[in-house]
Amino acid sequence: MCTVYLDQVAKPFPMADGAEAAGKQAVSMDKENLQAMIQNTKEQLNSLFHGPGADYVVFTEGVGAAFDKTLRSILKKGDHVLVSPMESDAVMNILKDMEGNVAYSLLPCNEKGQLVLFDEEKGEKGFEAVERLMRPNTKAIIINHASEVCGTVLQVKEMAEFARRKNLLMIANTAQTAAFVPIFMNIWGIDILTFSGGYGLLASEKIGGFIASEKACEFLGGKEGLQSFEMNPLDIERIGQLSRAFEFIKETRLFNLCSTAQKRAEQFIRKVQHVNGVHIIGPGYKDRIPVVSIQTDFMDEKELEEALKKQYSIVIQSGLHGAEQAHKTLGTWPRGTARFSFTYFNTESDIDKITQALWQLTVHSDKVPDVKRMPKE
């Protein structure tokens, strides 16, 4: 039985065509070609995110290391930050570790994972819900561009506009949105953009990094000081994989990669929302990346993960997905969700197989679906 792999957020499989071979070849490159490959990969990243230049791109040991290095350098004793409640544990654990020195406030968010910038019922407009959280010592805003739990795309562009007006640093994590959502670092006014070589970039999640604006460089030791944040030694194999992934993205066309993955997520939602006892977490078809979480009435999420793998060779991920605060916001804490994440390599037949598997599992379950939570036409 062929395996259907739908845990793409955690680890892309397969990688871009030729990426693994390119990584192995990169290790044996001569110095001149190696430097050219590294520089070209930084230029590709800067171009994808419309950043300030390849010289402002820094490689780290995954996106978590990028958070750790930048946040601990930028935030000082007495600072206050605004943070979205859809952040990963990587960010929240850093902020909690700095408590006592650095304070933070969670931005208002609805049950779909979208930021609430103002409350219409209270007659608010613009960014009034955000304004109320501001303090004289507020220094930065931290936003996860899209949730790794439910796929919701958060309003980074709007928050960057607010940050610019308030002279705050704007820190955005694009680990989930890179190659799925157009990102304009310079135009929007993002000061620190963190990225992962995994998921949409179709290389390894073990290579990541950040791009700093000129404004952010003032807090990181200047443009020259950025080098001290880069991993040493560089992970040449994984940078080589990422370099080849960019070639594949160019050959296949970014639009095709993105639209195919998004189409799979939409097909999944359209089909499984009518399976008795399945509940989609987060938004509908729009305002999301191809990541969909569900809860079911007929078995808990870990049981579902195991049943899908054992009986149908479908690989997903259940649990809290390294984002405890996001689950509390979505109302899925402490239970967690079953997460399905798609890429270009997933097919429509994969969606049919999942739908059939879920129907069969609910039919053989002796648990009654919760009618109040059933989807409406």
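**Notes on the seven-stranded sheet and its surroundings**

1. Let's start in the middle of things: strand E5 (residues 138–144) and strand E6 (residues 169–173) run parallel and are joined by five bridges. One pair to look up is Ala-140, whose bridge partner in E6 is Leu-169. Keep in mind as you read that this is a predicted model.

2. Now for the sheet that holds these strands. It is an open sheet of seven strands with mixed pairing, and the order is E2-E8-E7-E6-E5-E3-E4. At the edges you'll find strand E2 (57–60) and strand E4 (103–106); each has a single partner strand, so one side of each is left without a neighbour in the sheet. On average, neighbouring strands here are turned by 20° against each other, direction ignored.

3. A helix packs on this sheet too: H3 (residues 63–74), which touches E2, E5, E6, strand E7 (192–196) and strand E8 (208–212). If you compare directions, that of H3 makes about 160° with that of E7.

4. E7 is worth a closer look. How does it pair with the strands on either hand? With E6 it runs parallel, joined by three bridges, and Ile-171 stands opposite Ile-192 in E7. With E8 the pairing is antiparallel, over five bridges; there, Thr-194 stands opposite Phe-210 in E8. As background, strands of a sheet pair through backbone hydrogen bonds, either parallel or antiparallel.

5. Is E7 buried or exposed? Five of its five residues are buried, so this strand is largely enclosed by the rest of the structure. In a regular strand the side chains alternate between the two faces of the sheet. In E7 both faces are covered, with Ile-192, Thr-194 and Ser-196 buried on one side and Leu-193 and Phe-195 buried on the other.

6. Strand E3 (residues 80–83) also has both faces covered: His-80 and Leu-82 are buried on one side, Val-81 and Val-83 on the other. E3 runs parallel to E4, and four bridges join the two. To find the pairing on screen, try Val-83, which stands opposite Leu-106 in E4.

7. Past E4 comes a loop residue to check. Phe-127 sits in the loop between E4 and helix H5 (128–131), and at 13% relative accessibility it counts as buried, because the cut-off for that is under 20%. What does Phe-127 touch? Leaving aside residues up to four places away in sequence, its contacts are Leu-117, Glu-158, Met-159, Glu-161, Phe-162 and Arg-165. Val-116 is 11 residues away along the chain, and its C-alpha atom is separated from that of Phe-127 by 8.6 Å.

8. On to helix H10 (residues 236–252), where 12 of the 17 residues are buried, so the helix is largely enclosed by the rest of the structure. Among the buried ones are Ile-236, Ile-239, Leu-242, Arg-244, Phe-246, Phe-248 and Thr-252. Their cover includes helix H1 (19–27), helix H2 (31–49), E2 and helix H11 (254–272). The length of H10 checks out as well: its end C-alpha atoms are 24 Å apart, which agrees with the 24 Å that 17 residues should span at 1.5 Å a residue. After H10 comes Arg-253, with a positive phi near 80°.

9. Within H10, have a look at Gln-241. Its relative accessible area is 6%, and it is buried. Setting aside residues up to four places away in sequence, Gln-241 touches Met-15, Ala-19, Glu-20, Gly-23, Ala-203 and Ser-204.

10. The last stop is helix H12 (residues 301–312), which has 12 residues and reaches 16 Å from its first C-alpha to its last, close to the 16 Å expected. Which residues of H12 are buried? They are Glu-301, Leu-304, Glu-305, Ala-307, Leu-308 and Tyr-312. Seen down the axis of H12, these fall within an arc of 170°, so they line one face of the helix. On the other side, Lys-309 and Lys-310 are exposed.

11. What covers the buried residues of H12? The list includes strand E10 (291–296), strand E11 (314–315), strand E12 (317–319), strand E13 (337–341) and helix H14 (348–363). Asp-300 caps the N-terminal end of H12, with a side-chain oxygen 3.2 Å from the backbone nitrogen of Lys-302. H12 is followed by Ser-313, whose phi is positive, near 55°.

How values were computed
Residues numbered from 1 in each chain as written. Predicted model: local features only at pLDDT ≥ 70, side-chain atom pairs only at ≥ 80, totals over all residues. Heavy atoms only, no water. Expected span 1.5 Å × (residues − 1). Buried < 20%, exposed > 50% of the residue type's maximum accessible area, 1.4 Å probe, protein only. Arc of directions from axis to C-beta. Contact = heavy atoms within 4.5 Å. Polar contact = N/O pair within 3.5 Å; in protein donor to acceptor, adjacent residues only side chain to side chain. Pairing = 2+ DSSP bridges. Axes fitted to C-alpha atoms, helices over the stretch in contact; angles between N-to-C directions.
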